[in-house]
Amino acid sequence: MIDFFDSPSNRELVATQLAEHLYLSLLPLLLGVLLALPLGRLAQRVRWLRGALQNTANVFYTIPSLALFVILPGLMGTPLLSPLNVIIALTLYTAALLVRPVRDALDSVPGHVVAAATAIGYRPGRRLFAVELPLAVPVLAAAVRVASVSNISLVSVGALVGIGGLGRLFTDGFQRDYPQQIIIGIVLTLLLALVVDLMLVLLWRLSTPWARR
């Protein structure tokens with residue numbers, strides 16, 4: 001397997017696909033979190049919307065990723081091989097996965113803390129970002145870690161439609177009957193998921209120093 005990296009072209013291929021995989025998985029993660037926050041807040045504040053939002057998110061998450069990658073170009077008018085299709089699909093998957101955790105994370109904030117912030121003059125918007133979200137981070141962080149691993153694995157599926165980062169190592173390896181390339185793709189995907197997860201844990205601990213105490 002080490003012999004695979006003796007070729008400069010193979011090293012360049014791996015570096016390019018690794019960078020693409022990282023981009024296609026982390027950008028939708030960020031966009032999905034930004035989309036899930038207002039939806040989760042809405043589900044928390046408007047009780048009758050809870051079931052509707054959660055059921056919609058659950059149904060959407062059951063759509064096979066490959067089918068969505070193929071359907072989106074027809075709906076959005078984007079080229080079939082555009083990375084935008086993967087970014088949009090994974091953003092929606094991430095948001096669907098995080099709506100309930102965001103709601104639960106905000107519900108986990110003690111009521112007396114919210115009441116105290118309101119009493120000293122915090123308006124709802126400022127209270128959300130200065131008090132509720134920071135206290136909700138420990139609950140929300142676990143869901144974001146799950147979403148990151150999900151995105152990294154789903155990006156590989158995009159290789160079946162010509163976009164997929166490290167997933168191209170799988171498809172090319174199968175077409176060329178080159179097991180080493182397939183194994184390298186699998187190992188790098190696992191390592192990428194592990195490194196991203198560790199980075200998220202580090203970010204969580206740095207952003208919540210009070211949780212360590």
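## Order of secondary structure

Read from one end of the sequence to the other, the protein follows the pattern α-α-α-α-α-α-α-α-α, and the count is accordingly 9 helices and 0 strands. Helices (H or I, at least four residues) and strands (E, at least two) are DSSP runs, numbered from the N terminus.

This is a predicted model, in which local features need pLDDT of at least 70 and side-chain atom pairs count only at pLDDT 80 or more, while totals for chains, interfaces and linings use all residues. Residues are numbered from 1 along each chain as its sequence is written, and side-chain values use heavy atoms, with hydrogens and water left out.

## Overall dimensions and surface

Taken along the principal axes, the C-alpha atoms of the protein fill a box of roughly 65 × 45 × 20 Å. Of its 213 residues, 43% count as buried, where buried means under 20% relative accessible area, exposed means over 50%, and partly exposed lies in between (1.4 Å probe, protein chains only).

The protein exposes about 11,500 Å², of which carbon and sulfur atoms supply 71%; accessible areas come from the Shrake-Rupley method with a 1.4 Å probe, and for residues only the protein chains shown count as cover. Among contacts (heavy atoms within 4.5 Å) between residues at least 6 apart in sequence, 70% join residues at least 24 apart.

## Annotated regions

In an unreviewed entry, UniProt lists residues 18-200 as "domain: ABC transmembrane type-1"; UniProt positions are given in the numbering used here, feature names are shortened, and annotations may be inferred rather than shown by experiment. In the model, the end C-alpha atoms of residues 18-200 lie 18 Å apart, and the span is 85% helix and 0% strand.

The unreviewed UniProt entry also places the feature "transmembrane region" at residues 22-43, 55-75, 81-99, 152-170 and 182-204. Among these spans, residues 22-43 are 100% helix and 0% strand, with end C-alpha atoms 31 Å apart, and residues 182-204 are likewise 100% helix and 0% strand, with end C-alpha atoms 33 Å apart.

## Packing of H4 against H6

Two packed helices are described by the angle between their axes and the distance between the axes. The axes of helix H4 (residues 83-107) and helix H6 (residues 124-157) come within 9 Å and cross at roughly 145°; axes are lines fitted to C-alpha atoms, for helices over the stretch in contact, and angles run from 0 to 180 degrees between N-to-C directions.

H4 passes H6 in a right-handed crossing. By class, this contact of H4 with H6 has 19 nonpolar, 2 polar and 1 charged residues. Ala, Val, Leu, Ile, Met, Phe, Trp, Tyr, Cys and Pro count as nonpolar, Asp, Glu, Lys and Arg as charged, and the others, Gly among them, as polar. A crossing is left-handed if the near helix is turned anticlockwise from the far one by less than a right angle, and right-handed if clockwise.

## Residues within helices

Leucine 37 lies in helix H1 (residues 8-45) and is partly exposed, with a relative accessible area of 22%. Leaving aside neighbours within four places in sequence, leucine 37 is in contact with Val102, Leu133 and Leu140. Leucine 37 and alanine 136, which are 99 residues apart in sequence, are 11 Å apart in space, C-alpha to C-alpha.

Phenylalanine 60, found in helix H2 (residues 47-61), counts as partly exposed at 22% relative accessibility; not counting residues up to four places away in sequence, phenylalanine 60 touches Leu68, Leu92, Tyr93 and Ala96. The C-alpha atoms of phenylalanine 60 and leucine 92 are 8.3 Å apart, with these positions 32 residues apart in sequence numbering. Isoleucine 182, in helix H8, is buried, with a relative accessible area of 14%, and outside its neighbours within four places in sequence isoleucine 182 is in contact with Leu169, Phe170, Gly173 and Phe174.

## Residues in loops

Aspartate 177 lies in the loop between helix H7 (167-176) and helix H8 (179-207), where aspartate 177 has a positive phi of about 55° although it is not a glycine. Aspartate 177 is exposed, with a relative accessible area of 66%.

Leucine 160 is found in the loop between H6 and H7 and counts as exposed at 58% relative accessibility. Leaving aside neighbours within four places in sequence, leucine 160 is nevertheless in contact with Leu66 and Thr171, whereas the C-alpha atoms of leucine 160 and valine 114, 46 residues apart along the chain, are separated by 48 Å.
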